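Student: I'm new to this structure and would like a close look at a single part of it. Could you walk me through the charged pairs and their surroundings?

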Amino acid sequence: MATNNDRVAADEFRRAALLANPELSRFNPLPRILAYDQFETGTHGWTELIGNHDGYSNLDTVDDHMRDFRPPQLSSCTFFDVGTHGAMSGNYALKVATRPIAGHTGVAIRRLTMSGRGLVQFETYFTYKAEAGSAENQVWEQAGAGEWDGNIHPSEQQFGAFTVATDICDPGGLRYHCVARYQNTDLNNEFTRRWIYPVVPEPTPREHLEGKAKLSYTDDFTAPDPADWRTFGEPQAFCYNEVPTKVNWHYLRWQIDTSLRRNVELQVNDQIFDMRDIPVPPYAETYDSLDNLLNFYVSTRTHSNVRNFLYLDSVLISVDW
Amino acid sequence: MRQSHAAVVERYTVLRGDFATEPHEAGWAGEARWFVHVLDASSPTARLNLHGQISPDGLNWCDIGEAQAVTGADSVVSWPVREFGQWLRVRGSTESPDDWVKVLIYLTLKS
């Protein structure tokens, strides 16, 4: 029978093994690592989210607001001014890109299931950018563009928001989403730089089929009514690094508890947000075919007619079960 | 084992007049192939003209390879692209501005 000293020794050994591994030492994983993704070797299961379709494979039956979330790309973070910037771990990062249409959202999703209940942690090194200007895209004519003052670049105000979220379903069909969104600018393209969460569950294809929800192409699929979002914590500024072509990687660690169906906390660089009291509204109706669903998605949403990009250098998903 | 990736670049998109697909970054890939599937069209003679494009930065583009075309519904055209550098997209237009086509466009990539 393991003694307390044995457990302490095992924990110290595990910690030492993690610290000795240059790929893992920058993370703080829970005891079991479910997934470790770096993007030198493909997209690692991160794929485009799409709404559901009928039995005839007719994609006209996909909801308008869930049919164009764009394929994720393996990006070397290459820009017009410096060429290849490269990622943090190697040359490639996962890039989620929007179209240059205000309200458009790019979404990549990773699909797992749960073999237990308890703490689940999502960690990533990320960065975000709005597209640099060109003769073709004319971003300087678009909403959010301002004067270049030598420090703040107009493109920073043309980045809307990025989101980390889950889609989880307990056995028996109780389904819910934990969501954290960084809103860089509001819908008027003014800096807000704050964290927000939705107070309603995401509209689903079944609700559309039942006539309960019908959203348009650019509606916010996570929670379409801006009034259904609340702030948490203090505003947080990041290192956009002045121009749309310099990439600085930011650490994000988000923990949830699937035994309580709650958020726990969000760490982003040097700030930790207690999320325990943030409500996580489940769907009123149960869902079939989703037992033990454990999906993670990341999205980026532009508030201007300018492409927005979310880059993930690497992702680590760990659990305590 | 080689890496491969298939991206659905346009999904049931209705095209009229001139268009260009979204930039797709693919510097890791040694070969690429486009598949343009016309699902529906305004007439059996509606012709869609296409040309692959490449870019070093995702912002400035030039044509690569031969022009392609596809006419009418339920038709598919496919062509390869090699030695393309960093970014790929397709530009095109319906030959008549009155015509439209509904397309499914795949970009398949391989290391």
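Student: How many salt bridges does the structure hold over all chains?

Tutor: Happy to help! Please keep in mind that this is a predicted model. Over all chains, the structure holds 29 salt bridges.

Let's begin inside chain A. One of the salt bridges joins A:D64 and A:K214, whose closest N and O atoms are 3.1 Å apart. This pair links distant parts of the chain, 150 residues apart: A:D64 sits in the loop between strand 2 (47–48) and strand 3 of chain A, while A:K214 sits in the loop between helix 2 (205–209) and strand 13 (229–232) of chain A. The two partners can be told apart by their accessibility. A:D64 has a relative accessible area of 29%, so it counts as partly exposed, whereas A:K214 reaches 54% and therefore counts as exposed.

Neither of these residues belongs to that pair alone, for A:D64 and A:K214 are part of a network of salt bridges that also includes A:D60, A:R67 and B:K102. With B:K102, the network takes in a residue of chain B.

Now look at A:R99 and A:D68, which form a salt bridge with their closest N and O atoms 2.6 Å apart. A:R99 lies in the loop between strand 6 (93–97) and strand 7 (105–113) of chain A, and A:D68 in the loop between strand 2 and strand 3 of chain A, so this pair ties together parts that are 31 residues apart in sequence. Here both partners, A:R99 and A:D68, are buried.

Chain B has its own example: the side chains of B:R91 and B:D63 meet in a salt bridge, at 2.7 Å from N to O. Because B:R91 belongs to strand 9 (residues 87–94) of chain B and B:D63 to strand 6 (residues 62–63) of chain B, the pair ties together parts 28 residues apart in sequence. B:R91 is partly exposed, at 34% relative accessibility, and B:D63 is partly exposed too, with a relative accessible area of 36%.

Next, turn to where the chains meet. Between chain A and chain B the count is 6 salt bridges. In one of them, B:E22 pairs with A:R307, with the closest N and O atoms 2.6 Å apart. There are also 15 residue pairs in polar contact between chain A and chain B, counting those with both residues at pLDDT 80 or more. On the side of chain A that touches chain B, strand 3 (73–75) and strand 4 (78–79) of chain A are the elements that give two or more residues. Strand 3 gives the most, with 3 residues.

How much surface is involved? The contact takes 34 residues from chain A and 23 residues from chain B. About 2,200 Å² is buried between the two chains, and carbon and sulfur atoms give 44% of that area. A:Q73, A:L74 and A:T78 supply 19% of the area that chain A buries against chain B, more than any other three residues.

Finally, charged side chains also meet other kinds of partner. A:D37, in strand 1 (residues 32–38) of chain A, is buried, with a relative accessible area of 0%. A polar contact of 2.8 Å joins its side chain to that of A:R110. Elsewhere, A:K95 lies over the face of A:F309, 5.0 Å from the ring centre, and A:R193 lies over the face of A:F191, at 3.9 Å from the ring centre.

Definitions and conventions
Residues numbered from 1 in each chain as written. Chains lettered and ligands numbered in written order. Predicted model: local features only at pLDDT ≥ 70, side-chain atom pairs only at ≥ 80, totals over all residues. Heavy atoms only, no water. Lys NZ or Arg CZ within 6 Å of the ring centre and 35° of its normal. Contact = heavy atoms within 4.5 Å. Buried area = accessible area lost by both parts, 1.4 Å probe. Salt bridge = Lys/Arg side-chain N within 4 Å of Asp/Glu carboxyl O. Polar contact = N/O pair within 3.5 Å; in protein donor to acceptor, adjacent residues only side chain to side chain. Helix = DSSP H or I, 4+ residues; strand = E, 2+ residues; numbered from the N terminus. Buried < 20%, exposed > 50% of the residue type's maximum accessible area, 1.4 Å probe, protein only.
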